[in-house]
Amino acid sequence: MEKSFRQELSRLAGTAERMTASASVPGDSAWYAGHFPDNPILPGIAILALVEEAIITAEQREGRRVIITGVGRVRFRLPVKPDDRMTFEITREEKRGRTAYPFSVNLAGEAACTGTFTARPAEDPGEQTS
């Protein structure tokens, strides 16, 4: 049986202005295949996908649809291993006519990843949000 790319938030709380979430990715997830043999580490793109999911879900809960337009200032500080419990802290800021979401992904209280997503409102109902 082929492994799947399983990841999902296990908890999302707060508002789109200030949200917290948590997640873990099981050791049998395809994300770990080849990354790295005998020392599995969750790829950064999987971590960023979870942050994006939290932002989009929190905005949708409040009746807004956003399109992620970018990600920047990303720093990976600690490796995330199979089944590690990640906690996310994300805020929404309006700056110079754009929406920014600075975030921190933590492992046991220490920053594993930080950065900022940018987004814009979805303009029509058919526009994809992720």
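A residue is called exposed here when its relative accessible area is over 50%. In this predicted model, Asp83 just clears that bar, because its relative accessible area is 52%. Asp83 sits in the loop between strand 3 and strand 4, and its phi is near 65°, a positive value in a residue other than glycine.

Arg73 turns up with a similar backbone quirk: its phi is positive, at about 50°, although Arg73 is not a glycine. Unlike a loop residue, though, Arg73 is found in strand 3. With a relative accessible area of 72%, Arg73 is exposed. Arg73 also belongs to a positive surface patch, which it forms together with Arg75, Arg77, Arg96 and Arg98. Another member of that patch, Arg96, lies in the loop between strand 5 (93–95) and strand 6 (98–107), and its relative accessibility of 78% puts Arg96 in the exposed class.

One more backbone feature is worth a look. The peptide bond running from His35 to Phe36 is cis, with omega near 10°. Phe36 is part of the loop between strand 2 and helix 1 (44–61).

Next comes the way the strands are put together. Strand 2 (residues 18–23) and strand 4 (residues 86–91) run antiparallel and are joined by six bridges; within this pairing, Ala21 stands opposite Phe88. Strand 4 also pairs with strand 6, again in the antiparallel sense, over five bridges. There, Thr87 of the one strand faces Asn106 of the other. Strand 6 in turn runs antiparallel to strand 7, and nine bridges join the two. Phe103 stands opposite Gly115 in this stretch. Finally, strand 7 is joined to strand 3 (residues 66–76) by eight bridges, once more antiparallel, with Ile68 placed opposite Ala119. Read in order, the pairings go from strand 2 to strand 4, from strand 4 to strand 6, from strand 6 to strand 7 and from strand 7 to strand 3. As for the side chains, in a regular strand they alternate between the two faces of the sheet.

The link between strand 6 and strand 7 is a hairpin with two residues between the strands, and Ala108 in the turn has a positive phi of about 50°. Just past the turn, Glu110 is in strand 7 (residues 110–121). Glu110 counts as exposed, because its relative accessibility is 51%. The C-alpha atoms of Glu110 and Met86 are separated by 9.9 Å, and the two residues are 24 residues apart along the chain.

Charged side chains add another layer. Side chains of opposite charge can pair when their charged atoms come close. The structure holds six salt bridges. One of them brings together Arg92 and Glu17, with 2.8 Å from N to O. Arg92 lies in the loop between strand 4 and strand 5 and Glu17 in the loop between strand 1 (9–14) and strand 2, so this pair ties together parts that are 75 residues apart in sequence. The two partners differ in cover: Arg92 is buried, with a relative accessible area of 15%, whereas Glu17 is partly exposed at 45%.

A second pair is made by Glu59 and Arg64, whose side chains meet in a salt bridge at 2.6 Å, N to O. Here it is the acidic partner that is hidden: Glu59 has a relative accessibility of 1% and counts as buried. Arg64 is partly exposed, with a relative accessible area of 31%.

Lys95 and Glu93 also form a salt bridge, at 3.2 Å from N to O. Both ends of this one are partly exposed, Lys95 at 38% relative accessibility and Glu93 at 27%. Elsewhere, salt bridges that share partners join Glu17, Glu59, Glu62, Arg64 and Arg92 into one network. The pairs described above, Arg92 with Glu17 and Glu59 with Arg64, have their residues in that network.

Definitions and conventions: Residues are numbered from 1 along each chain as its sequence is written. This is a predicted model: local features need pLDDT of at least 70, side-chain atom pairs count only at pLDDT 80 or more; totals for chains, interfaces and linings use all residues. Side-chain values use heavy atoms; hydrogens and water are left out. Patches are made of residues with over 30% relative accessible area and no salt bridge: like charges are joined within 9 Å, nonpolar side chains (Val, Leu, Ile, Met, Phe, Trp, Tyr) within 5 Å. Accessible areas come from the Shrake-Rupley method with a 1.4 Å probe; for residues, only the protein chains shown count as cover. A salt bridge is a side-chain nitrogen of Lys or Arg within 4 Å of a carboxyl oxygen of Asp or Glu. Lys and Arg count as positive and Asp and Glu as negative; His and the chain ends are not counted. The place of a charge is taken as NZ of Lys, CZ of Arg, CG of Asp or CD of Glu. Helices (H or I, at least four residues) and strands (E, at least two) are DSSP runs, numbered from the N terminus. Buried means under 20% relative accessible area, exposed over 50%, partly exposed in between (1.4 Å probe, protein chains only). Two strands pair if DSSP finds at least two bridges between them.
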